Amino acid sequence: MFNICTTVCRKQPKVHKLIKQVDVTNLTKHVLGFKSLQGQELYSRHSKSKKNKKSQNTPVKTLESLVEPVPYTSTHTQPHGIGEELGGTLAKEKILGILTQFYVRKEVRKFAEENGIESKFFHKSFQSFRKFCCDEENLPVELHLILSDIAAGAGHVDDLLPYFLQHTKKIFPHLECLEDLKKISDLRNPANWYQEARTIDRKIIYHAGPTNSGKTYHALQRLTAAKSGVYCGPLRLLAAEVYNKCNDKGTPCDLVTGEERRYSSEDGEPSNHVACTVEMTSVNTHYEVAVIDEIQMVRDKGRGWAWTRALLGLCAKEIHLCGEAGGIDLVRELMLHTGDDVEVKYYKRLTDLAYLDKAVESFDNIKPGDCIVCFSKNDIYFVSQQLEKKGIQCAVIYGGLPPGAKLAQAARFNDPNDPCKVMVATDAIGMGLNLAIKRVIFYSLTKPTIMDNGQVEIDVVDTSTALQIGGRAGRFGTQFEHGEVTTFRRKDLQLLTDIITRSVDSIKQAGLHPTADQIELFAYHLPSATLCNLIDIFIVLSELDNDNFFMCNLDDFKILAEMIEHIPLTLRVRYVLCCSPISRNKAFVCSMFQKFARQLHVGEPLTFDWLCGQIGTISEPKTITDLVHLEDIFDVFDLYLWLR
């Protein structure tokens with residue numbers, strides 16, 4: 001297990017060398033411990049819990065619950081005492097009596113509703129208006145005279161309505177610009193956001209098929225043959241792989257990820273081809289061919305917006321989509337709005353794949369070419385330790401490992417001359433890594449998720465994920481072309497059968513996400529609102545074509561926004577920081593995130609020496625806790641590179 005540690009630490013100087021070249025002076029941009037529940041009983045409980053989630057009493061956010069009143073500041077500049085000279089002195093008790101009559105009148109409530117002042121706004125506004133009338137030593141002359149007339153019986157409390165409305169609009173500025181805010185947050189036709197793409201006659205070629213079917217291979221063949229092109233992948237490992245393949249074939253290609261930029265030419269001149277992570281895709285550059293890999297990720301609750309943006313906004317004559325067949329209908333529907341033609345090419349698996357009716361049951365039955373798939377880091381540690389006790393060398397891959405360590409572990413496993421013949425991995429192998437796997441073994445079929453309240457929810461793996469992972473067995477062109485899939489425990493066999501025999505749901509909606517420009521426009525109208533508050537208001541007011549789109553989950557974004565709310569930063573800088581690819585559950589990483597923000601606030605450069613001073617000494621880990629901390633350090637390095 002701990003051979004990973006050596007790999008990571010040996011790569012440390014290279015990481016330091018890379019990081020030392022970066023200057024971020026200008027910002028432009030728990031180990032889970034659980035015992036896996038098994039079997040059909042869990043699947044039944046899971047199904048029931050899914051049905052009950054919607055019935056939980058989760059507070060529904062409304063505009064009333066989100067908008068807080070802005071402290072009222074008087075702007076009138078009339079000489080002191082004019083109101084008293086013309087209308088006489090007003091006792092505070094008299095003013096309170098008049099305002100109480102005003103508050104209880106049904107006509108006043110009706111007037112408020114007609115002007116967009118809902119009940120909660122009305123109550124808060126009245127409190128502010130009453131405080132102003134009673135505490136202000138120098139009331140505006142007109143308001144002082146109206147109150148005097150009402151007190152003398154020569155006026156009516158309804159005469160206060162214009163002044164109350166004026167006061168309300170000052171403390172609730174959104175009332176003045178509500179229609180503008182609704183227009184900004186109108187997301188019903190996102191295809192219109194990309195006018196440059198709409199000027200191009202694009203052709204969409206959808207390569208649909210299972211894993212190991214050659215769909216991505218055929219798309220990349222067209223990419224390398226084109227005069228210019230872009231590959232958009234879900235992982236930087238995939239982008240790096242395409243970058244290497246293109247350059248090896250004589251097609252100069254650059255690499256662009258959130259953390260790294262590499263040019264194929266030594267002089268740093270951009271090439272006509274680029275491989276990038278989907279979030280880094282340019283929608284302003286024109287290409288002959290574009291490839292969007294794993295297009296089914298458009299439904300992802302967190303990252304789906306990036307695939308939607310690439311699909312709708314890429315300026316390319318040919319756009320090749322690779323992924324599950326379940327996304328075909330949605331793509332066709334979305335392309336009706338863009339006017340692009342869609343062609344579908346279906347692929348069959350190139351190698352045999354068998355789902356076995358016998359479980360592994362014991363580590364003694366592990367064979368060369370096996371990949372044991374776990375869904376918790378705790379299981380990863382346990383399984384790898386059990387294998388090492390039996391003298392079985394194993395490669396280990398999971399999401400928390402740095403990309404270089406993942407590639408090194410994959411290379412060991414794929415090398416026929418390396419004694420490492422077994423792999424232990426999480427669902428990180430589901431996309432991206434080309435591995436010579438003979439047999440995929442599901443150590444469990446449940447996956448933990450940390451909820452917003454900190455509790456761990458355990459879900460049964462969905463059909464799409466199970467097929468994606470199981471399909472990694474039997475790699476075309478390797479010694480293991482005939483793949484096998486099974487479970488470690490006998491009681492999981494039926495559950496696996498139940499999962500894989502269910503049909504994969506077709507993708508109904510694509511993800512969307514508010515842009516920095518949209519949030520800045522919101523902030524212009526609501527200058528006192530926090531970034532987190534702006535996001536909440538945007539979501540409440542937004543209108544979507546719910547048949548085709550959904551709003552991506554912005555909880556992580558908002559939590560990062562709350563972490564740095566107390567640090568004075570411009571909205572654009574704050575927005576970019578909150579897009580940082582870090583886990584909110586890692587205390588060390590989050591504390592460094594705050595230090596980055598403070599350093600930017602005081603105008604100090606984020607230099608390598610400063611970063612090393614904050615991180616401290618890095619040594620080879622001796623325990624699991626040390627290893628987890630080392631992972632966190634690499635996450636901080638990634639954040640540093642991402643911010644350059």
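# Exercises on strands, loops and pockets

In this predicted model, strand β11 (residues 370-373) pairs with β14 in the parallel sense over four bridges.

**Exercise 1. Place β14 among its partner strands.**
Which residues stand opposite Arg439 of β14 in β11 and in β17?

Solution.
1. On the β11 side, Asp370 stands opposite Arg439.
2. β14 also pairs with strand β17 (residues 483-487), in the parallel sense and over four bridges.
3. On the β17 side, Glu484 stands opposite Arg439.
4. Arg439 of β14 is thus matched with Asp370 in one pairing and with Glu484 in the other.

**Exercise 2. Sort the side chains of β14 by direction.**
Which residues of β14 (residues 439-442) point one way, and which the other way?

Solution.
1. In a regular strand, side chains alternate between the two faces of the sheet.
2. In β14, Arg439 and Ile441 point one way.
3. Val440 and Phe442 point the other way.
4. All four of these β14 residues are buried.

**Exercise 3. Find the edges of the eight-stranded sheet.**
Which strands stand at the edges, each with a single partner strand?

Solution.
1. The sheet is open, has mixed pairing and follows the order β5-β4-β6-β3-β7-β8-β2-β9.
2. β5 (261-262) and β9 (341-346) stand at the edges with a single partner strand each, so one side of each has no neighbour in the sheet.
3. Further inside the written order are β7 and β8; six bridges join β7 to β8 (residues 315-323), and the two run parallel.
4. In that pairing, Val289 stands opposite Glu318 in β8.

**Exercise 4. Examine two residues with positive phi.**
Where do Asn212 and Glu294 lie, and is each buried or exposed?

Solution.
1. Most residues other than glycine have a negative phi.
2. Asn212 is not a glycine, yet its phi is positive, about 60 degrees.
3. Asn212 lies in the loop between β2 (203-208) and α13.
4. Buried means under 20% relative accessible area; Asn212, at 10% relative accessibility, therefore counts as buried.
5. Glu294 is not a glycine either, and has a positive phi of about 55 degrees.
6. Glu294 lies in the loop between β7 (286-292) and α15 (304-313).
7. Its relative accessibility is 9%, so Glu294 also counts as buried.

**Exercise 5. Describe the second largest pocket.**
Which helix gives the largest share of the lining of this pocket?

Solution.
1. The second largest pocket holds about 990 Å³ of space.
2. Of its 40 lining residues, the closest to the centre are Pro210, Thr211, Asn212, Ser213 and Lys215.
3. Asn212, from Exercise 4, is among them.
4. At least two lining residues each come from α13 (215-225), α14 (236-248), β10 (353-355) and α19 (463-470).
5. The largest share, six residues, comes from α13.
6. By type, the lining divides into 14 nonpolar, 16 polar and 10 charged residues.

**Exercise 6. Describe the largest cavity.**
What residues line the largest cavity?

Solution.
1. About 50 Å³ of space lies in the largest cavity.
2. Its lining consists of Arg188, Asn189, Pro190, Ala191, Leu312, Leu334, His337, Asp545 and Phe549.
3. These lining residues divide into five nonpolar, two polar and two charged.

**Exercise 7. Check the span of α8.**
What distance does α8 reach from its first C-alpha to its last?

Solution.
1. Helix α8 (residues 119-135) has 17 residues.
2. At 1.5 Å a residue, 24 Å is expected.
3. The helix reaches 24 Å, close to that expected value.
4. Buried residues in α8 include Phe121, Phe122, Phe126, Phe129 and Phe132.
5. Lys124 of α8 is also buried.

Technical notes:
Residues are numbered from 1 along each chain as its sequence is written. This is a predicted model: local features need pLDDT of at least 70, side-chain atom pairs count only at pLDDT 80 or more; totals for chains, interfaces and linings use all residues. Side-chain values use heavy atoms; hydrogens and water are left out. On a 1 Å grid over the protein atoms alone, a cavity is a set of points where a 1.4 Å probe fits but cannot get out, and a pocket is an open set with protein on both sides within 12 Å along at least five of seven lines; lining residues have an atom within 4 Å of a point. Grid points are joined across faces, edges and corners, and a volume is the space filled by probe spheres set on the points. Ala, Val, Leu, Ile, Met, Phe, Trp, Tyr, Cys and Pro count as nonpolar, Asp, Glu, Lys and Arg as charged, and the others, Gly among them, as polar. Buried means under 20% relative accessible area, exposed over 50%, partly exposed in between (1.4 Å probe, protein chains only). Two strands pair if DSSP finds at least two bridges between them. The expected span of a helix is 1.5 Å times one less than its number of residues.
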